[in-house]
Amino acid sequence: MVVTLDRDEARRIAVRAQRLDADRPAGLVPLAESLTFLQLDPTAAIAPSADLIAYTRLGAAYRPETLVAALETDRLLYEVKAMDDPVTPPFAMVRPVSDLGLHLDRMSRWPERLSGAHAWLEANDSFRRDVLARLRDSGPTLSKDIPDTAAVPWVSTGWTHNQNVTRLLELLQGRGEVAVAGRIGRQRTWDLGERVYPADIVVVPEAQAGPLRDERRLRSLGIARRALVGEAGEPARVDGSTLEWRVDPAAVGLPFAGRTALLSPFDRLVHDRVRTKEVFGFDYLLEMYKPAGKRRWGYFALPILHGERLVGKLDAAADRKAGVLRVEAVHEDEPFTPEVRDEVRAEIAALAIWLGQTPEYAR
């Protein structure tokens, strides 16, 4: 049977699944387990992406040092640069260690489908052994402190060209042989995977792990295009959309209490721009790579969620030196009611307090 959903119900399912309704999660690790990951990104116009995503769900009680402790002390989360389908292009993320067993079997054979990377690793096997031996002897090490003994350089048209040590470490991370042990500032320290990951992880064979990952991904999204979650959940039809959807059947028809939230541009509620347009009717594009004169909403505009609807964009930036959250504009997709305007202003004020800043509106 195909589940038929009106747009409001589809939106409520998506918002609730992403933990953006009024029922806030209990803590950072349960949140990561619910979302399956938090995206990392160096852009911090407001705050680092993972911190902003966590704050948006957990509220003012969340502090960035909680994430550091979960990664480096408690080892309940781990950092990885995901290179697995359906992730394109690869990006850094934080995943819960409780899900690691669903990835290790596939990781052990990676990058078997990337012929260029696989051939480069084979040509540089002595380089790989050198790096593993150094990490075994030295423990957590910055990439800049690892000698480049590559026999064949990494060739790329992008920034990774000839970045042999970093590229090798990320490929070995993809296979689970090395792992990010922590960070010094923005720089990663690397160690053997066996010393970072818990020894008692139960490895789930890939034949079972793949469908389980799809189910976890769908549960975190609530409703998604079939291309992203395979056969997980149930087929669904959304009023006004001709696309094939899959829905988490346990999420249909539940009570919903919404709230107002300012979202990271990397937030998974808006990350799939097709779903954002088809289900939410929301036009959005991260414009940080556009020339200033061609931007409609701003360098790092935050989507504004109110209840189950995406209603606008906030053009703001944190001026840390001045201690000010500068609000250039609040773009209203449709004119806000006084209630929505007041709640958005309250969220801006709360975000500024969390950042330790004062909101300042452009005239």
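**Pocket lining, helix α8 and the strands**

Biologist: Which element gives the most to the lining of the largest pocket?
Modeller: The largest contribution to that lining is 5 residues from one element, where a pocket is an open set of 1 Å grid points, over the protein atoms alone, that take a 1.4 Å probe with protein on both sides within 12 Å along at least five of seven lines, and lining residues have an atom within 4 Å of a point. The model is predicted, with local features needing pLDDT of at least 70 and side-chain atom pairs 80 or more, while totals for chains, interfaces and linings use all residues. Residues are numbered from 1 along each chain as its sequence is written, and side-chain values use heavy atoms, without hydrogens or water. Elements supplying at least two lining residues include α3 (49–58), β3, β4 (91–96), α8 and α12 (268–271), but the element that gives the most is α4.

Biologist: How many residues of helix α8 are buried?
Modeller: Helix α8, which spans residues 164–174, is mostly covered, taking helices (H or I, at least four residues) and strands (E, at least two) as DSSP runs numbered from the N terminus. Its buried residues (under 20% relative accessible area, 1.4 Å probe, protein chains only) include the charged-looking names Arg167 and Glu170 as well as Leu168 and Leu169. The count of buried residues in α8 is 11 of 11.

Biologist: Which residue after α8 has a positive phi?
Modeller: The run of buried residues in α8 includes Gln173 and Gly174. Following the helix comes a residue whose phi is near 85°, and that residue is Gly176.

Biologist: Which residue of β15 is the bridge partner of Arg326?
Modeller: Strand β14 (324–332) is joined to β13 (309–319) by 8 bridges in the antiparallel sense, two strands being paired if DSSP finds at least two bridges between them. On that side, Arg326 is the bridge partner of Ala317. Strand β14 is also joined to β15 (358–361), in the parallel sense, by 4 bridges, and the β15 partner of Arg326 is Glu360.

Biologist: Where in the hairpin of β13 and β14 does a residue take a positive phi?
Modeller: Between these two antiparallel strands lie 4 residues. The positive phi, near 70°, belongs to Gly323.

Biologist: Which strands are at the edges of the open sheet that contains β7?
Modeller: The sheet has 3 strands in the order β5-β7-β6, with antiparallel pairing. Strands β6 and β7 pair over 6 bridges, and Ala179 has Asp191 of β7 as its bridge partner. The edge strands, each pairing on one side only, are β5 (141–142) and β6.

How values were computed: Buried means under 20% relative accessible area, exposed over 50%, partly exposed in between (1.4 Å probe, protein chains only).
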